[in-house]
Amino acid sequence: MITVHHLNNSRSQRVLWLLEELGVEYEIKRYERDPKTMLAPASLRAVHPLGKSPVVTENGLTIAESGAIIEYLIERHGTGALIPPGGTPERLRYTYWLHFAEGSAMTPLLLKLLFGRLPRQPMPFFVRPVARAICNKVLETFVEPQLRTQQEFMEAELTKSTWFAGEAFTAADIQMSFVVEASAARGGLGNSRPKLMAWLDRIHARPAYQRALKTGGPYELLR
Ligand SMILES: N[C@@H](CCC(=O)N[C@@H](CS)C(=O)NCC(=O)O)C(=O)O
């Protein structure tokens, strides 16, 4: 039996969604974020040394890292579903987006979250304006331009095809969901990104996505 070690409000939502799309049976072990720090509980370290979610265990195997988990589940349980045939241009795009999501796209999104939140943390009152000025500078000069470039790129790619890897929905769309949802939550898709917004509407309408939401619990990305 597959066990998904699921942290509330996190990337492990993608794994639940993939399993729902595949129609594979699984069980969930739940972990709650610390409401102040938003970190995972120490008990998750007993499953994997990094203590991050998602982690999947099955038959004595422990698999961490969303992209690796998706590859494992598609290969072991997918029977050819949700992955383009090998040797096709679609398969190359599939691999690209599977890696792009965590390898490139999440870094500026995480920086945006951190530098946006830092000035709101407890600190001596006279330090706050300085902290805010430094954070705003980093956001304006480094983070926001990268996010804009990234969004323009994703928007342009979705002008070429309905889904990230081509005309068929694949697990690369599942992996990209956290990126596009975090982009929307952290201030910036809207009218200027109609393809990305329409893609979000399409994934949210999928019955498997909705089943996974019900199973996973409240899901509102940090901003
Ligand atoms: N690149 C990793 C990122 C894992 C990760 O950072 N997970 C977050 C949840 S979205 C987490 O566990 N945060 C809690 C913590 O760091 O304590 C993946 O895609 O699996």
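Me: Which residue is linked with R11 and R14 in a network of salt bridges?

Reply: That residue is E102: R11, R14 and E102 are linked in a network of salt bridges. Keep in mind that we are looking at a predicted model.

Me: How many salt bridges does the count come to?

Reply: The count comes to seven salt bridges. Let's try the rule on a few of them.

Me: What makes E157 and R93 a salt bridge?

Reply: The closest N and O atoms of E157 and R93 are 3.6 Å apart. The cut-off asks for a Lys or Arg nitrogen within 4 Å of an Asp or Glu carboxyl oxygen, so 3.6 Å passes. The two residues come from distant parts of the chain: E157 belongs to helix 4 (residues 128-160) and R93 to helix 3 (residues 89-117), 64 residues apart.

Me: Why does E157 get one burial label and R93 another?

Reply: E157 has a relative accessible area of 12%. Buried means under 20%, so E157 is buried. R93 has 22%, and between 20% and 50% a residue is called partly exposed, so that is the label for R93.

Me: What other salt bridge does E157 make?

Reply: E157 also meets K160, with N to O at 2.8 Å. K160 and E157 are three residues apart in helix 4, about one helical turn. K160 itself has a relative accessible area of 59%; exposed means over 50%, so K160 is exposed.

Me: How do you know that E144 and K112 tie together separate parts of the sequence?

Reply: Start with the bridge: the closest N and O atoms of E144 and K112 are 2.8 Å apart, and that is within 4 Å, so the pair is a salt bridge. E144 lies in helix 4 and K112 in helix 3, so the bridge ties together parts that are 32 residues apart in sequence. As for burial, K112 is buried at 18%, while E144 is partly exposed at 25%.

Me: Why is D173 said to have no salt bridge?

Reply: The nearest side chain of opposite charge to D173 is R202, 6.9 Å away. A salt bridge needs a distance within 4 Å, so R202 does not qualify. D173 is buried all the same. You can find D173 in helix 5 (residues 171-185).

Me: What does the side chain of D173 reach, and what does D173 touch?

Reply: The side chain of D173 reaches the backbone nitrogen of F164 at 3.0 Å. The cut-off for a polar contact is 3.5 Å, so this pair falls within the limit. Leaving aside residues up to four places away in sequence, D173 touches W17, W163, F164, A168 and W199.

Me: Why is H77 called buried, and which side chain shares a polar contact with H77?

Reply: H77, in helix 2, has a relative accessible area of 18%. That is under 20%, so H77 is buried. The side chain of H77 is joined to that of E58 by a polar contact of 3.1 Å. Besides E58, H77 touches I2, V24 and Y72, not counting residues up to four places away in sequence.

Me: Which residues are closest to the ligand, and what polar pairs are found there?

Reply: Of the 13 residues surrounding the ligand, the closest are A40, K52, S53, E65 and S66. The side chain of K52 has an N or O atom 2.5 Å from a ligand oxygen. A polar side-chain atom of S66 is 2.5 Å from an oxygen atom of the ligand, and a polar backbone atom of S53 lies 2.8 Å from a ligand nitrogen. The protein covers 84% of the 510 Å² of accessible area that the ligand has on its own.

Me: What is unusual in the backbone at P54, N59 and E65?

Reply: Most peptide bonds are trans, and most residues other than glycine have a negative phi. S53 and P54 are joined by a cis peptide bond, with omega about 10 degrees. P54 sits in the loop between strand 2 (26-31) and strand 3 (55-58). N59 has a positive phi, near 45 degrees, and E65 has one near 80 degrees. N59 is in the loop between strand 3 and strand 4 (61-64), and E65 is in the loop between strand 4 and helix 2 (66-77).

Me: Why is N59 called exposed or buried?

Reply: N59 has a relative accessibility of 61%. That is over 50%, so N59 counts as exposed.

Terms used
Residues numbered from 1 in each chain as written. Predicted model: local features only at pLDDT ≥ 70, side-chain atom pairs only at ≥ 80, totals over all residues. Heavy atoms only, no water. Helix = DSSP H or I, 4+ residues; strand = E, 2+ residues; numbered from the N terminus. Buried < 20%, exposed > 50% of the residue type's maximum accessible area, 1.4 Å probe, protein only. Lys, Arg positive; Asp, Glu negative; His and termini not counted. Polar contact = N/O pair within 3.5 Å; in protein donor to acceptor, adjacent residues only side chain to side chain. Contact = heavy atoms within 4.5 Å. Near = heavy atom within 4 Å. Areas by Shrake-Rupley, 256 points an atom, 1.4 Å probe, with all protein chains shown as cover.
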